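This report goes through a protein model by way of its side-chain contacts, its strand pairing and its surface. The terms are explained where they come up.

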Amino acid sequence: MIRDLQPALRWLVRNPLFALAVTLILALGIGANTAVFSIVDAVLLRPLPYEASPRLVRIEETTSSRILNGVPPQDYPRLASRGDLFEKIGGHLRDFVTLTGGGEPDQISAQRVSASAFSMLGVRARLGRGLVESDDQLNAGNVAVLSD
């Protein structure tokens with residue numbers, strides 16, 4: 001086997017540009033494969049970091065044009081009352097809000113969630129309190145939960 005490698009190594013020494021190109025192509029391919037596998041492993045293969053994550057489902061509706069939409073907020077109470085279908089249910093809605101108070105106002109991304117979303121996911125506040133059922137009432141004041 002060493003006799004077979006000697007001519008190949010001599011040829012690579014005589015053609016350094018070819019050897020450099022092959023090395024760079026191999027390094028690029030190995031790096032790309034490592035990056036793709038790391039993303040697939042983190043996003044698809046590992047379970048979600050929530051209690052009972054295999055039992056979590058997301059409900060969406062489709063229109064006749066096959067566009068995915070979230071469930072309308074007015075359907076949330078009807079779905080929440082279906083104890084035969086769901087053990088717990090939590091709603092969320094992505095929103096952009098204006099943060100004011102110190103300096104220039106800034107628009108930030110926010111999630112409007114029902115109080116049950118935190119208990120359903122098994123997420124607890126490190127400081128202060130999370131949302132409680134009374135925060136879901138129509139006349140309740142606004143409550144914010146900040147993340148890390």
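A residue counts as buried under 20% relative accessible area, as exposed over 50%, and as partly exposed in between, with a 1.4 Å probe and protein chains only. Both Glu87 and Arg55 are exposed by this scale. The model is predicted, so that local features need a pLDDT of at least 70 and side-chain atom pairs count only at pLDDT 80 or more, while totals for chains, interfaces and linings use all residues. Residues are numbered from 1 along each chain as its sequence is written, and side-chain values use heavy atoms, with hydrogens and water left out.

**Confidence**

The predictor's confidence in each residue is given as pLDDT, from 0 to 100. The protein averages 85 on this scale, and 98% of the residues score at least 70. Helices (DSSP runs of H or I, at least four residues) and strands (runs of E, at least two) are numbered from the N terminus. Among these elements, helix 2 has the highest mean pLDDT, 93, and strand 2 (residues 68-70) the lowest, 72. Where pLDDT is low, the predicted coordinates should not be read in detail.

**Salt bridges**

A salt bridge is taken as a side-chain nitrogen of Lys or Arg within 4 Å of a carboxyl oxygen of Asp or Glu. The whole structure holds seven of them. Among them are the following pairs.

| Basic residue | Acidic residue | N to O distance |
|---|---|---|
| Arg55 | Glu87 | 2.4 Å |
| Arg78 | Asp75 | 3.6 Å |
| Arg129 | Asp135 | 2.9 Å |

In the salt bridge of Glu87 and Arg55, Glu87 lies in the loop between helix 3 (76-80) and strand 3 and Arg55 in the loop between helix 2 and strand 1 (60-62), so the pair ties together parts that are 32 residues apart in sequence. For the pair of Arg78 and Asp75, Arg78 is partly exposed at 48% relative accessibility, whereas Asp75 is buried at 18%. For the pair of Arg129 and Asp135, Arg129 is partly exposed at 45% and Asp135 is buried at 18%.

**Strand pairing**

Two strands pair if DSSP finds at least two bridges between them. Strand 3 (residues 92-99) and strand 4 (residues 106-113) are antiparallel and are joined by eight bridges. Across this pairing, Asp95 faces Ala110 in strand 4, and Thr98 stands opposite Gln107 in strand 4. The hairpin of strand 3 and strand 4 has six residues between the strands, and Gly101 has a positive phi near 125° there. In a regular strand the side chains alternate between the two faces of the sheet.

**Nonpolar patch and aromatic pair**

Patches are built from residues with over 30% relative accessible area and no salt bridge, joining like charges within 9 Å and nonpolar side chains (Val, Leu, Ile, Met, Phe, Trp, Tyr) within 5 Å. Accessible areas come from the Shrake-Rupley method with a 1.4 Å probe, and for residues only the protein chains shown count as cover. A nonpolar surface patch is formed by Met1, Leu5, Leu9, Trp11, Leu12, Phe18, Val22, Leu26 and Ile30, with about 930 Å² of accessible area together. Helix 1 (2-14) and helix 2 (16-45) are the elements that give two or more residues to this patch.

Leu5 is located in helix 1 and is partly exposed, at 46% relative accessible area. Ile30 belongs to helix 2 and counts as exposed at 55%. The C-alpha atoms of Ile30 and Met1 are 26 Å apart, with their positions 29 residues apart along the chain as the separation. Ala27 also lies in helix 2 and is partly exposed at 47%; its C-alpha atom is 42 Å from that of Glu60, 33 residues apart along the chain.

Rings of Phe, Tyr and Trp (its six-membered ring) pair if their centres lie within 6.5 Å, with planes under 30 degrees apart counted as stacked, over 60 as edge-to-face and the rest as tilted. This rule gives one aromatic pair. The ring centres of Trp11 and Phe18 are 5.1 Å apart and the planes meet at 75°, so the pair is edge-to-face. Trp11 is partly exposed at 42%, as is Phe18 at 44%.
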